[in-house]
Amino acid sequence: MITPQKTITLNRVNLENKCYVVTLVWTNFGQQTNLIDRAPYSLMRMFKVKPMRPEDFVFATELANTMNWNMATEDFQFMKSLEPDGCFILFDGSKKVGIATCISYGKVGWFGNFIVREETRGKGAGSLLVKHAVDYLHGKGVETVGLYAYPNLIKFYGNLGFRFDSDFSVLHTPALDGVSAGALPIVGTENIKCIEKFDRTCFGGDRQKLLESIILEEGNLSYYVSEGNEVVGYVASTVYETMAWVGPLTCQEGNVDAAVSLIKAVLAKLAGLNVYVALPKKQGAIAQLLSSVGFKEDFSVARMYSGPVAAKNCIYLAESLERG
Ligand SMILES: CC(C)(COP(=O)(O)OP(=O)(O)OC[C@H]1O[C@@H](n2cnc3c(N)ncnc32)[C@H](O)[C@@H]1OP(=O)(O)O)[C@@H](O)C(=O)NCCC(=O)NCCS
């Protein structure tokens, strides 16, 4: 019986790109077999992930906007106020090279705002950042992590343990025409707890902190529909000076009429604005309504999960791509 001998050699082959080759060699009767011919730079422990600080917001915003994500420093400030330890900066030595954010809602968490500087890509940094964020969420008791992926990255996230769930369209209209709608009751401090409870049953996680910071913020919109004493759906919209995002909306499965009334009630207040919405492609009736008032698809994303699927099959509009 001959015991193979294992040796590891490390060669730096490309100084400029800081790319290393690790060769793991099993030696048997003088024959050599390379078992690993390349190990990512992240293995060399040059990449580090640190919590995002307020002085990093400008870097994060500039990096995000290289992807035309239309972010402002306030967006990162908002993320950090919701999840102070869940916003990350990736460093290559002392240089900032990437960002990611995540948020925990009890057993469900969400991952987003994920980008690595172009010249650093393909060296394992992005994978390291995803794993770091997922570990952070697991440490907070999260069992299911969701994200919205560009279609070309489904395989990348698949390699990191995420499964495809459904296709979403991000739709947009540059100047919404007036939409007529019947009046619906407004969500306020007196009834927000019922809305949060209803949202939990559909979404599967507790979005209290997020919903309160949207719904109770002056200038934003929110309406609900109830039948008997039961809430069957609600919608909220974040309204900026010249644009608005419609969502979250959650509505009882199959209750398309309620969903349509909610969306119309919001759109009636957004005339003239640049309006965005992200909805599952399978929700044809809502897509039709939005198309009839001028919305067009900007791009698609895939909702993916790691861990058990926690959301119920409700009618749904995303709150944002980075928070679910
Ligand atoms: C996605 C991203 C963060 C990955 O960072 P990274 O440091 O390159 O990631 P890693 O080195 O760990 O993994 C690279 C893998 O990503 C995949 N990948 C990255 N960009 C890709 C693209 N445009 N199309 C297809 N696959 C891609 C490849 O599978 C690659 O694997 P390979 O090394 O075997 O070729 C980076 O490509 C990026 O910043 N992209 C632009 C922003 C973006 O799309 N964010 C994600 C929003 S869902």
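Is N113 buried or exposed, judged by its C-beta neighbours inside 10 Å? This is a residue of a predicted model, and the answer comes from a count: N113 has 24 C-beta neighbours inside 10 Å and therefore counts as buried, since a residue is called buried if 20 or more other C-beta atoms lie within 10 Å of its own. N113 lies in strand β7, and its backbone deserves a second look, for phi of N113 is near 50°, a positive value in a residue other than glycine.

A second residue can be set beside this one. N68 also has a positive phi although it is a residue other than glycine, with a value near 60°, but its place is in the loop that runs between α1 (57-65) and α2 (73-82). Here the count of neighbours leads to another verdict, because N68 has 7 other C-beta atoms within 10 Å and is therefore exposed, the limit for that class being 12 or fewer.

With these two residues in mind, the reader may step back to the whole chain. The chain contains eight helices and 15 strands, and buried residues make up 39% of its 324 residues. If one takes the contacts in the chain with a separation of 6 or more, 65% of them are accounted for by residues 24 or more positions apart. One pair of residues that are distant along the chain is Q283 and I315, which are 32 residues apart in that sense, while their C-alpha atoms are separated by 7.5 Å. Q283 belongs to the loop between β13 (274-280) and α8 (284-292), and this residue is buried because 20 other C-beta atoms lie within 10 Å.

The helices on either side of the loop that holds N68 give an example of packing. Two packed helices are described by the angle between their axes and by the distance between the axes. For α1 and α2 the angle is about 115° and the axes are 8 Å apart, and the crossing of these helices is right-handed. On the side of α1, F57, V58, A60 and T61 meet T73, F76 and Q77 of α2, so that, by class, this contact has four nonpolar, three polar and no charged residues.

Helices α5 (residues 192-203) and α6 (residues 208-215) form another packed pair, at an angle of about 135° and with their axes 10 Å apart. These two helices are therefore oblique to each other, and α5 passes α6 in a right-handed crossing. The residues that make the contact are I192, I195, E196 and D199 from α5, together with Q208, L211, E212 and I215 from α6. By class, the contact of α5 with α6 has four nonpolar, one polar and three charged residues.

The ligand has its own surroundings, which bring the reader back to β7. There are 17 residues around the ligand, and the closest are R121, A125, G126, S127 and N152. The elements that give two or more residues to this shell are β7 (108-116), α3 (125-139) and α4 (154-159). Sorted by class, the shell around the ligand has nine nonpolar, five polar and three charged residues.

One last detail of the backbone concerns a peptide bond. G247 and P248 are joined by a cis peptide bond, with omega about 15°, and P248 is found in strand β12 (residues 243-251).

Terms used:
Residues numbered from 1 in each chain as written. Predicted model: local features only at pLDDT ≥ 70, side-chain atom pairs only at ≥ 80, totals over all residues. Axes fitted to C-alpha atoms, helices over the stretch in contact; angles between N-to-C directions. Helix = DSSP H or I, 4+ residues; strand = E, 2+ residues; numbered from the N terminus. Parallel < 35°, antiparallel > 145°, perpendicular 65-115°, else oblique. Left-handed = near helix turned anticlockwise from the far one by under 90°. Contact = placed C-beta atoms within 7 Å. Near = placed C-beta within 6 Å.
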